[in-house]
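Q: Please take a close look at one part of this protein and describe, in a connected way, how it is placed among its neighbours and which charged pairs belong to it.

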Amino acid sequence: MSLKDSLRFLTLRNSIHSLILSPRKFTFPYKLSFSPLSAMDSNSSSTLVLCGKSTAENEIALSLKSNKTLKLPGDSEVSVLLKSELEKPPEENSFRIDSYMGSLSTSQFGRFLIWSPRLPSTHDVVSHNFGELPFGTVCVADVQFKGRGRSKNVWESPRGCLMFSFTMQMEDGRVVPLVQYVVSLAITEAIKDVCDKNGLPCIDVKIKWPNDLYLNGLKVGGILCTSTYRSKKFKVSAGIGLNVDNEKPTTCLNAVLKELSVVAFQLSREEILAAFFEKFEKFNDLFVNQGFQTLEELYYKTWLHSGQRVIVQEKNEDQMVENVVTIQGLTSSGYLLAVGDDNQMYELHPDGNSLDFFKGLIRRKLD
């Protein structure tokens, strides 16, 4: 998922400005550059570097490499290395595996890492190899050139973005749509935790429903969750992109931190990712065992929409009728809960055509 995309502004009828995305392939106003490691010098192939937190996970890495298990969609060429086989350390601005593993203290999530300096898509790696990978596997890329977004958008992401995808599985299909909200909340809370741990001012990243992350009114991240149903379980792949270091064309975490703090400190992708999995593991346990309602209060403090008035467009015979409703929260199925001026409760769905999720919404009356 890209965070440096072609963006344009649309002013909503409710006076809220929202960054939206053009429905085409997204590129950037500069050429993506990549300086490969000695074992990674082929532009026509992707290299996956495997590393585990424990001896058991490193044995899994060895098995995956020895058996040539990992594949990319379309049978794209892929080479697999163990971290111990790297001929020289990654470049200074590459993802630092040792730093990440040293910061991680989870029991499941993020303990098995796949890192690549350049990949078509981290999401494709985990979803295409889901059955072969340990539960909670994460794939991280420094550069991603065929990331996936909503409506089949293609994203190109340069260095400086934290781009990762990870795996989980669930048994109750009714709550699968809510997973993206747990992921969004874990990201925002992880950023706050990293700031607090380092004695820094809070970077208050907000959630724009359903799956975007905003900072000071500008988009800095996004989440995409997909699932398949096999063996009576839902196999969920969650992809996240977060702009940590790229100041243009909008903003990034470290640019805002520089404005807030007199201390010269840079947030790192490695520390944010480790903090994310610690938060997500905790939140996911609550979510699975007690339901999303245990996280709702914190979620509503973090999202942008409580009390927001939006316009719902409905066709009445041959005329388009507009109705104003006020967002109250989320329904049990993960859509927006709103109340109309007639005090009737409604569930709001995107219409599938509008680029902005707060224009052209479809409403369903709730009993």
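A: A useful place to start is a network of salt bridges that links E189, K192, D204 and K206. The model is a predicted one, and the part examined here is helix α4, which spans residues 179–197.

Within that network, the side chains of K192 and D204 meet in a salt bridge with an N to O distance of 3.9 Å. This pair links distant parts of the chain, since K192 belongs to helix α4 whereas D204 sits in the loop between α4 and β9 (206–208), twelve residues apart. Neither partner counts as buried, because the cut-off for that class is under 20% relative accessible area: K192 is partly exposed at 21%, and D204 is partly exposed as well, at 34%.

Helix α4 also packs against two other helices, and for such a description it helps to recall that two packed helices are described by the angle between their axes and the distance between the axes. Against α7, the angle is about 65° and the axes are 10 Å apart, so that α4 and α7 are roughly perpendicular to each other. The crossing in which α4 passes α7 is left-handed. On the α4 side the contact involves Y181, V182, L185, T188, E189 and K192, which meet L295, L298, Y299 and T302 of α7. Sorted by class, this contact of α4 with α7 has six nonpolar, two polar and two charged residues. E189 and K192 are thus found both among the residues of α4 that meet α7 and in the salt-bridge network described at the start.

The second partner is helix α6, residues 269–290, whose axis comes within 7 Å of that of α4, the two crossing at roughly 130°. With this angle, α4 and α6 are therefore oblique to each other, and α4 passes α6 in a right-handed crossing. The contact is made on one side by V179, V182, V183, L185, A186, I187, E189, A190, D193, V194 and K197 of α4, and on the other by E271, I272, A275, F276, K279, F280, F283, N284 and F287 of α6. The residues of this contact between α4 and α6 divide into 14 nonpolar, one polar and five charged. V182, L185 and E189 of α4 appear in the contact with α6 and also in the one with α7.

Helix α7, residues 293–302, holds a charged pair of its own, with E297 and K301 four residues apart, about one turn of the helix. Their closest N and O atoms are 3.8 Å apart in a salt bridge. E297 is exposed, with a relative accessible area of 57%, and K301 is likewise exposed, at 57%.

For context beyond this part, a search of the whole structure finds 16 salt bridges. One that lies elsewhere joins E347 to R364, with the closest N and O atoms 3.0 Å apart; E347 is in strand β16 (residues 345–349) and R364 in strand β17 (residues 359–365), so this pair ties together parts that are 17 residues apart in sequence. Here E347 is buried, at 4% relative accessible area, while R364 counts as partly exposed at 44%. The protein as a whole contains seven helices and 17 strands, and buried residues make up 53% of its 367 residues.

Definitions and conventions
Residues are numbered from 1 along each chain as its sequence is written. This is a predicted model: local features need pLDDT of at least 70, side-chain atom pairs count only at pLDDT 80 or more; totals for chains, interfaces and linings use all residues. Side-chain values use heavy atoms; hydrogens and water are left out. A salt bridge is a side-chain nitrogen of Lys or Arg within 4 Å of a carboxyl oxygen of Asp or Glu. Buried means under 20% relative accessible area, exposed over 50%, partly exposed in between (1.4 Å probe, protein chains only). Axes are lines fitted to C-alpha atoms, for helices over the stretch in contact, and angles run from 0 to 180 degrees between N-to-C directions. Angles under 35 degrees count as roughly parallel, over 145 as roughly antiparallel, 65 to 115 as roughly perpendicular and the rest as oblique. A crossing is left-handed if the near helix is turned anticlockwise from the far one by less than a right angle, and right-handed if clockwise. Contact means heavy atoms within 4.5 Å. Ala, Val, Leu, Ile, Met, Phe, Trp, Tyr, Cys and Pro count as nonpolar, Asp, Glu, Lys and Arg as charged, and the others, Gly among them, as polar.
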